[in-house]
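Reader: I have a sequence and a 3D model to read. Please take me through some of its strands, helices and cores.

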Amino acid sequence: MIHIHEKTLQDLEFPTVLQHLSELCITPLGHKAALEIVPYKTKEDLQFQLQLTNEYVSSFYNDNRIPNHGFDTITKELQLLQIENTFLEVHSLKKIVSIALTTNTIVRFLEKFEEYYPTLYQFARPIEVTKVVIEKVDGIVDRFGDIKDNASDVLYDLRQALNRVKGKINQSFSTALNMYHNLEYLDDIRESVVDNKRVLAVKAMYRRKVKGAIMGGSKTGSIVYIEPETTLQYTRELNNLEYEEQEEIVRILKEVTDFIRPFLPLLKAYQTFLIAIDVIAAKAKYAKSMNAILPEISEDRSIYLRDAYHPLLYLANAEQKKTTFPQTLALRENSRIIVISGPNAGGKSITLKTVGLLQVMLQCGMLIPVHERSTVCLFDRILSDIGDNQSIENHLSTYSYRLKQMNYFLKKCNKNTLFLIDEFGTGSDPELGGALAETFLEEFYHREAFGIITTHYSNLKILATELPDMINANMLFNERTLEPMFKLIVGQAGSSFTFEVAQKNGIPYSLINRAKKKIERSKVRFDATIAKLQKERSRLEKTGKSLKENERKKSDEADKLEEINAKVQKKLESYQELYDSNQRLIYLGQKVNDIAEKYFENHKKKDLMSELFKVVQIENSKRKRVSAKQKRAQKAAEEKVKKEAEQKVEVIRKKKKEAKKKAAEAPEKPKPILKVGDRVRMHDGRAVGSIDSIEKEKANVNYGIFTTNVNLDLLELVEAKK
């Protein structure tokens, strides 16, 4: 049986999550139900609910969208149906028809798409689909919400009689209106309406001359409103008929209500089903807003949260377009308890709350924002002690409250428990509080519980290194700026950077030194060692990132080079084919030239034709038979390669011409006069030598290993003799 204390839900801000969730519901009852979500008691119920939400999320990404589930609440109608001799008004009947139609539509849809939504189909399968209630109400109520004339024979006759009487009233009123108008007894407006009745607007001086019932007058008293005597008898008849009509409508509504009353359990099931669908849809929308998924639920006791986000922080930052840093951690049999240490404001508490809140959300049937490779397990109980819980009402100090919490932990903690404690051991004397905290932690450890704690106490960090199934962790800090990097590093304790942070905040160095002398030398050295290791870890982290980045760049460059190489290879092959083709044509040209020369000398046509025919036959034997289409394609390809080659050659020629032109236009630099001892080199060479002697425009240049005789025009000055 799963149980999570209300205090834990408050500590982890789960009510805020429910508030966000309820705002995504589209019905008042769904809104209320979302606020009342609690962890599921059994693993089977929980896994079923998780699958429902997961399937609903999938509907956002395929073409088979689940139909709308909006409905008007019928709670009052359900209460009335439980009371004998009551009847439902027309608008109530319309609400019942609407909720029945909506439910039937969703249930039929899920039957049709069972393959896509097997769990939702299973959830909807017990709901009975029936049109009986809908057809019964539609038989008596029209689409405007009025009772139909043919709802009963009596009502039909009454409506016909009403129409006849209304016609007589209008006729008699028109007669009286024309008569008194001709007598000039009426005001300019002639008529008006009082109490939903047509009346004559009689001038006050003629009121005694008009027969009928006075119904009122104008504010000035100049007009008196009179219902003509001829219409009064018809009006009384109309009132009687309207009363009888209303009685018949009530009788019909009672009959329909009595017909619907046996369907009360079904209507309750409809409303309950649609409330549940509303909550499931809200969970799916909430999951979509933070890219949440259903991770694998492992049977063994192990948690691996990869790239886990705090839901509330993620959504708040997304709204403000800020970055949220995910955390990755694991709780397994060989690392059941993690002790997180390090400076304040580094993200220790958020990391602890992230794990707790995600676990609670999951156990309430909600998807969580983690990487798809993450795995989770379920806990029977989650215990938490987070924040300053000083209680004025109960006259409890922080430490007293925490001791009370620890006592509760000791009663409830077992191997199926996840405990979360923020700033473990604080609130008392550091030495004594630390010792007591260490004892509690040992006790939780021996009970094989899973847990995460944050602390500044060195003895708890040391305990984590000594016990095999407990590990240290720290929040990474930039060693130069002492700014938090919001990244959890498992396997090493964190320094509090107490003196470093004090120095960064401008505390005089002399005071910091005095403070260092007041505490044990070994503790300073221990903290300093941890700080040094943390800095080293941070440096290695940066180096690792840099190496990965370089490796990625090199990989990209290698891919590009490979692509360029393939293109170059293709070009080379094309150029080789073009070269071979040109060589063949040159050979043929030479062959034809030889035959022509031979003919020129001997003028033997027969030999000429024989030789030419032989050349053609040899060439044709090398050819492969291809279709006209293939020929055209081959020719086009050859033309393309030829054109490309010519364009490139033209560009090279153009560049060479421009270079020659520039060289010709450039003013010639005066040639230096070379002397014995100058260091020189040849224009197209790299070796530098010195001139030993100059004779007849030639110089003997000594290169150390050998000497050579060179024209002075071919030499350039490297360094003149000093």
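Reader: How many of the five residues of strand E13 (residues 450–454) are buried?

Author: This is a predicted model, in which local features need pLDDT of at least 70 and side-chain atom pairs count only at pLDDT 80 or more, while totals for chains, interfaces and linings use all residues. Residues are numbered from 1 along each chain as its sequence is written, and side-chain values use heavy atoms, with hydrogens and water left out. Helices (H or I, at least four residues) and strands (E, at least two) are DSSP runs, numbered from the N terminus; buried means under 20% relative accessible area, exposed over 50%, and partly exposed in between (1.4 Å probe, protein chains only). Phe450, Ile452 and Thr454 point one way from E13 and Gly451 and Ile453 the other way, and all are buried, so the number for this mostly covered strand is five.

Reader: Which residue in E13 is the bridge partner of Val339?

Author: Two strands pair if DSSP finds at least two bridges between them. Strand E9 (residues 337–341) pairs with E13 in the parallel sense over four bridges. In E13, the partner of Val339 is Ile453.

Reader: Which residue of E13 is the bridge partner of Leu418?

Author: Strand E12 (residues 417–421) runs parallel to E13, and four bridges join them. The partner of Leu418 in E13 is Phe450.

Reader: Within what arc do the buried residues of H2 fall?

Author: The buried residues of helix H2 (residues 14–22) are Phe14, Val17, Leu18, Leu21 and Ser22. Seen down the helix axis, they line one face of H2, because they fall within an arc (taken from the directions from the axis to the C-beta atoms) of 135°.

Reader: Which helix gives the largest share of the core that includes Phe14?

Author: A nonpolar core is a set of buried Ala, Val, Leu, Ile, Met, Phe, Trp, Tyr and Cys residues joined through side-chain atoms within 4.5 Å. The largest one has 104 residues, and Phe14, Tyr56, Leu93 and Tyr286 touch the most other members. Its largest share is 15 residues, from helix H11 (residues 264–289).

Reader: Which strands stand at the edges of the open sheet of five strands?

Author: The order is E19-E18-E17-E16-E20, with antiparallel pairing. Two strands have a single partner strand each, so one side of each is left without a neighbour in the sheet: E19 (707–711) and E20 (715–719).

Reader: Which residue in E18 stands opposite Glu695?

Author: Strand E17 (residues 689–695) and strand E18 (residues 698–702) pair in the antiparallel sense over five bridges. Opposite Glu695 stands Lys698.
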